[in-house]
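Keep the structure open as you read. We will go from the DNA to a buried side chain, and then to a pocket.

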Amino acid sequence: MNYWLIKSEPHTYSFEQMKTDKKTMWEGVRNYQARNNMKEMKKGDIALFYHSGKDRQVVGEVEIVKEFYQDPTTEDTNWVVVEVKFKKTFANPVNLADIKGVDSLSEMHLVRNSRLSVSSVRKDEYEMIIEMAKS
DNA sequence: GCCAACGTTGGC
DNA sequence: GCCAACGTTGGC
């Protein structure tokens, strides 16, 4: 089981919308590194859902329910999508500023490369975020 | 609104 | 194959 972090600008696709939709096709990724991460995703993996832009916080979790396939919104065979399902809204969203304040999270891709829209998360990092989301 | 970081494009 | 120019993303 692996852990991931996917980003969305709330104005484009918010976590509230994700909750309403219950399940969605994660489309529009046009970056090779992010694409490669999507190809690594397995059914049952968990992804943290992060709001970029004004929000800048991890707001909840989704589960990968369908592994990658050709992005149906483009003819370009370089790009793929996965399908994710709403899992949980955090009682306490975890701010980027708080994440940056935690030593053990300093190596997160989110911190190191803020522009990567789909990144992997280590198990210990994931567990730390979950702890921070509880209180 | 600004700018740093990163990726992509195209001229040489 | 290198690198300058440009566009985009996202934090501040």
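A residue is near a strand if one of its heavy atoms lies within 4 Å of it. With that cut-off, DNA strand B is surrounded by Asn31, Tyr32, Gln33, Asn113 and Arg115. Bear in mind that the model is predicted. By class, this surface near DNA strand B has one nonpolar, three polar and one charged residues.

What do these residues reach on the DNA? Of the atoms of DNA strand B within 4 Å of the protein, 46% belong to sugar or phosphate. The rest belong to bases. Gln33 takes the backbone side: a polar atom of its side chain lies 3.5 Å from a phosphate oxygen of DNA strand B. For Arg115, the partner is a base oxygen of DNA strand B, 2.3 Å from an N or O atom in the Arg115 side chain.

Now turn to Asp71. Look for Asp71 in the loop between β4 (57–70) and β5 (80–95). Is Asp71 buried or exposed? Its relative accessibility is 0%, so Asp71 counts as buried. The Asp71 side chain makes a polar contact with the side chain of Arg30, at 3.1 Å. Beyond its neighbours within four places in sequence, Asp71 is in contact with Glu27, Gly28, Arg30, Trp79, Val80 and Val81.

Glu27 also leads to the largest pocket. Ser8, Thr12, Tyr13, Trp26 and Glu27 lie nearest the centre of this pocket, out of 13 lining residues. Two elements, β1 (3–8) and β2 (23–26), give two or more residues to the lining. The largest share, three residues, comes from β2. The lining divides into four nonpolar, six polar and three charged residues. The volume of the largest pocket is about 240 Å³.

Technical notes: Residues numbered from 1 in each chain as written. Chains lettered and ligands numbered in written order. Predicted model: local features only at pLDDT ≥ 70, side-chain atom pairs only at ≥ 80, totals over all residues. Heavy atoms only, no water. 1 Å grid on protein atoms, 1.4 Å probe; cavity = no way out; pocket = protein on both sides within 12 Å on 5 of 7 lines; lining within 4 Å. Points joined across faces, edges and corners; volume = space filled by probe spheres on them. Helix = DSSP H or I, 4+ residues; strand = E, 2+ residues; numbered from the N terminus. Nonpolar A, V, L, I, M, F, W, Y, C, P; charged D, E, K, R; others polar. Buried < 20%, exposed > 50% of the residue type's maximum accessible area, 1.4 Å probe, protein only. Polar contact = N/O pair within 3.5 Å; in protein donor to acceptor, adjacent residues only side chain to side chain. Contact = heavy atoms within 4.5 Å.
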